[in-house]
Amino acid sequence: MSVTKRSVCPFDCPDTCGLLVEVEGGRAVAVKGDPEHPYTRGSLCPKMLHYEKSVHSPLRLTTPLKRTGAKGSGEFAPISWDEAVAAIAGRWKEIIATHGAEAILPYSYAGTMGVVQRNAGHPFFHRLGASRLDRTICSPAKGAGWQAVMGKTPTPHPDSAGKSDLLILWGINAAATSIHFLNAVREVKQRGGEVWLIDTYRTPTAAAADRTILVRPGSDAALALGIMHVLAREGLVNEPFVAESVLGYREFRREVLGTFTLDEASRLTGLPVATIEELARRYAAAKAPFIRIGSGLSRYGNGAMTVRCIACLPALVGAWEREGGGAFPDTSTGGAFAMEHVLREDFVTTPTRIVNMNRLGEALNTLNNPPVMSLYVYHSNPAAVTPDQNAVLRGLSRDDLFTVVHERFLTDTARYADIVLPATSSLEHSDIYRAYGTYCIQRARAAVDPVGESKSNWEVFSLLAKALGFEEEPFTLTADELIDRLLALPSPMREGIDTRALAEGKGVELTVNRDGGYLTRSGKIEILNRSLPEPLPCYLPTHEEEGKLPFRLMTAPNPFALNATFYDQPDLREKQGGMRLQMNPSDADARGLKHGERVVAFNELGEVPFFLDATDRVPPGVVVAEGVWWIAHAPGNRSVNALTSQRLTDQGGGSTFYDNRVDVRPE
Ligand SMILES: Nc1nc2c(c(=O)[nH]1)N[C@H]1C(S)=C(S)[C@@H](COP(=O)(O)OP(=O)(O)OC[C@H]3O[C@@H](n4cnc5c(=O)[nH]c(N)nc54)[C@H](O)[C@@H]3O)O[C@H]1N2
Ligand SMILES: Nc1nc2c(c(=O)[nH]1)N[C@H]1C(S)=C(S)[C@@H](COP(=O)(O)OP(=O)(O)OC[C@H]3O[C@@H](n4cnc5c(=O)[nH]c(N)nc54)[C@H](O)[C@@H]3O)O[C@H]1N2
Ligand SMILES: [Mo]
């Protein structure tokens, strides 16, 4: 006899689907979408259709492990939880006595997006006095660029895009990364509107677009400035809207648009002037143009400035005034819960150093006073996902580094651990979720029994706190008790929501007040922002603008994986067709490279073997590696991040995964 329980997809995706889990004898036997979820309405991506296979995979870790072989060898012996916790607490006490607590570095990101489990380590590491991690691997530059113009103005409801008559998907592969946004794409087309896609190669999303424009990597700010140049030149700017609601247009027009020529925009983007003019005129003629801004274009040395330039477009034509008009980077659901009760910044007694997570390689190999002597990794896989893989692996190989990894699987990172701790999956623990591509929240209670002896992030930090004698309150609460407390605390975003549905585990929409005007310092949309190093939007070069190697490398998302998650599933790996490098056939011919053969992509940071996919989807001068493969399943002994650098974005300390060059040779 099976029962159906509600749950939530815990993974790092804007949609945050509602799930229905069929449970039999404490195990999940099937998973489907919850038709009652307000946004995702019952459909799931190909990765989650068989989530039960990952949850009950034979590869799941079931006991704590202690390393018995060399680091990286994957040789371990099972130990008990008591032994594991005692070993960690004992080693940390020694390290603290010799080097101080700053020698301990936590490393986590987004294996689970649940508010409680994701942040479970914050109170603990703050109380410990460990080094702090700046969690900037995803898209802080996008946030910085958007906020430079729009401040804290709430972003539109994602469904409002469906009312647009010109929807621009700008640097987003929605068919892979946000499949429910394709509902808005379909609605626009049904109403007779048009959909344009702007990317660097022809992604699967191109099939949903009326027009696809391929720009040179990292040049989108030049395209946005070119469009605005045409709007200004041809009198297509909405002057009354600008006069009332925009700060600094006059200065911007004089100092930037006046000097930034269309020839310059054409040279930088690789687009004909006529294409830029056509897009500008089409944008100005639309009743309610809407731009869905992806994150790929922000992962460059100029990423924040790129997003800032794009964010100015709706202001110039007054798109914000019209239903279905505007732009959308992400939703801002940060105010849904009183996060100070989760993060416990008040436990930080003396400020400790902050390590940018993109520079883990540098931190492990070169930091001093004190050096990093222990790394505690939870719900992240830095050996695969973090840039400069060779530097990361060199650091993880250090004999004097004490590494603990709390994981569901023996990942590339876990193979380098001294102690591995088995983690529950989202179906085995409780949490509360808030989405970043919708305005939904949802509570999930554990739906199945923990696999083996696995424990949740929350439980493990309670155990470690006990072993170290921390008696403060969060360490004695259960996850459900903390969730109850968060829900008892008021938030304007939760006012008037359906609390009964929430208690029943259903997805519930937050209340968003959009009548507060523009939430910037001036109360206007700020094209001019004097708090920034560049007060006006402009074109900044990428790191690799003048690079010598012939190909720009796109490290793009794969529809059948999520970062380095789901590589435990053989059928999903097969659907990806192996770890491939896509290249234009003319480039392949010029180098004597053959479709399907093994090739090596290389640069100053490393060398990575791939299978070559010679395809017209990719323009000359660009190569694409979709997915962040586990080294264990790669054709060679490295995966794509051996080719990406630790350089950061112009604002926000973000990753620059797309701002790299490579050359390619036969193996
Ligand atoms: N299936 C799947 N879903 C995912 C993920 C995944 O790996 N796989 N990742 C999840 C995560 S962590 C995140 S942050 C989100 C968002 O994940 P992101 O990785 O930010 O993906 P997108 O926002 O779709 O944007 C990536 C797109 O930007 C394009 N791009 C790169 N450079 C440029 C450029 O210079 N100009 C333009 N115009 N386009 C460019 C890439 O070719 C790609 O199509 O998705 C989440 N969902
Ligand atoms: N080349 C390249 N690199 C990239 C990207 C790219 O597009 N290209 N994308 C980047 C982006 S946008 C992001 S956000 C990062 C993502 O970086 P990460 O957040 O590190 O992403 P994942 O690879 O999904 O690794 C998460 C791990 O958490 C584990 N896990 C899941 N649930 C739990 C849990 O409850 N507890 C514990 N302890 N473990 C759990 C999973 O098994 C998985 O191995 O990667 C970045 N790296
Ligand atoms: Mo991300």
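## Helix 8 against helix 11

Let's start with a helix pair: the axes of helix 8 and helix 11 (residues 262–269) come within 9 Å and cross at roughly 155 degrees. Angles over 145 degrees count as roughly antiparallel, so that is the label for helix 8 and helix 11. Their crossing is left-handed. Keep in mind that this is a predicted model.

Who touches whom here? On the helix 8 side you'll find Ala222, Leu223, Gly226, His229, Val230 and Arg233, and they meet Leu262, Ala265, Leu268 and Thr269 of helix 11. Sorted by character, the residues of this contact come out as six nonpolar, three polar and one charged.

## The sheet next to helix 8

Helix 8 (residues 220–233) also lies across two strands, strand 8 (166–170) and strand 9, and it runs at about 155 degrees to strand 8.

Strands 8 and 9 belong to an open sheet of five strands, ordered 10-9-8-12-13 and paired in parallel. At the edges stand strand 10 (211–214) and strand 13 (326–328); each has a single partner strand, so one side of each is left without a neighbour in the sheet. On average, and ignoring direction, neighbouring strands of the sheet are turned by 15 degrees against each other.

If you want to zoom in on one edge, look at strand 9 (residues 194–199) and strand 10: they run parallel and are joined by four bridges. As for individual residues, Trp196 has Arg211 in strand 10 as its bridge partner.

## Helix 2 against helix 18

Now for another helix pair. The axes of helix 2 (residues 81–99) and helix 18 (residues 457–467) come within 10 Å, crossing at roughly 55 degrees. Helix 2 and helix 18 are therefore oblique to each other, and the crossing is right-handed.

From helix 2, the contact takes in Trp81, Val85, Ile88, Ala89, Trp92 and Lys93, while helix 18 brings Val460, Leu463, Leu464 and Ala467. The tally for this contact is nine nonpolar residues, no polar ones and one charged.

## Helix 17, mostly covered

How many of the eight residues of helix 17 are buried? Seven of them are, so to speak, tucked away, which leaves helix 17 (residues 389–396) mostly covered. The buried ones are Gln389, Asn390, Ala391, Val392, Leu393, Gly395 and Leu396.

What do these buried residues pack against? Two helices and two strands provide the cover: helix 15 (360–366) and helix 16 (382–385), plus strand 15 (374–378) and strand 16 (402–407).

Note on methods:
Residues numbered from 1 in each chain as written. Chains lettered and ligands numbered in written order. Predicted model: local features only at pLDDT ≥ 70, side-chain atom pairs only at ≥ 80, totals over all residues. Heavy atoms only, no water. Axes fitted to C-alpha atoms, helices over the stretch in contact; angles between N-to-C directions. Parallel < 35°, antiparallel > 145°, perpendicular 65-115°, else oblique. Left-handed = near helix turned anticlockwise from the far one by under 90°. Contact = heavy atoms within 4.5 Å. Nonpolar A, V, L, I, M, F, W, Y, C, P; charged D, E, K, R; others polar. Buried < 20%, exposed > 50% of the residue type's maximum accessible area, 1.4 Å probe, protein only. Pairing = 2+ DSSP bridges.
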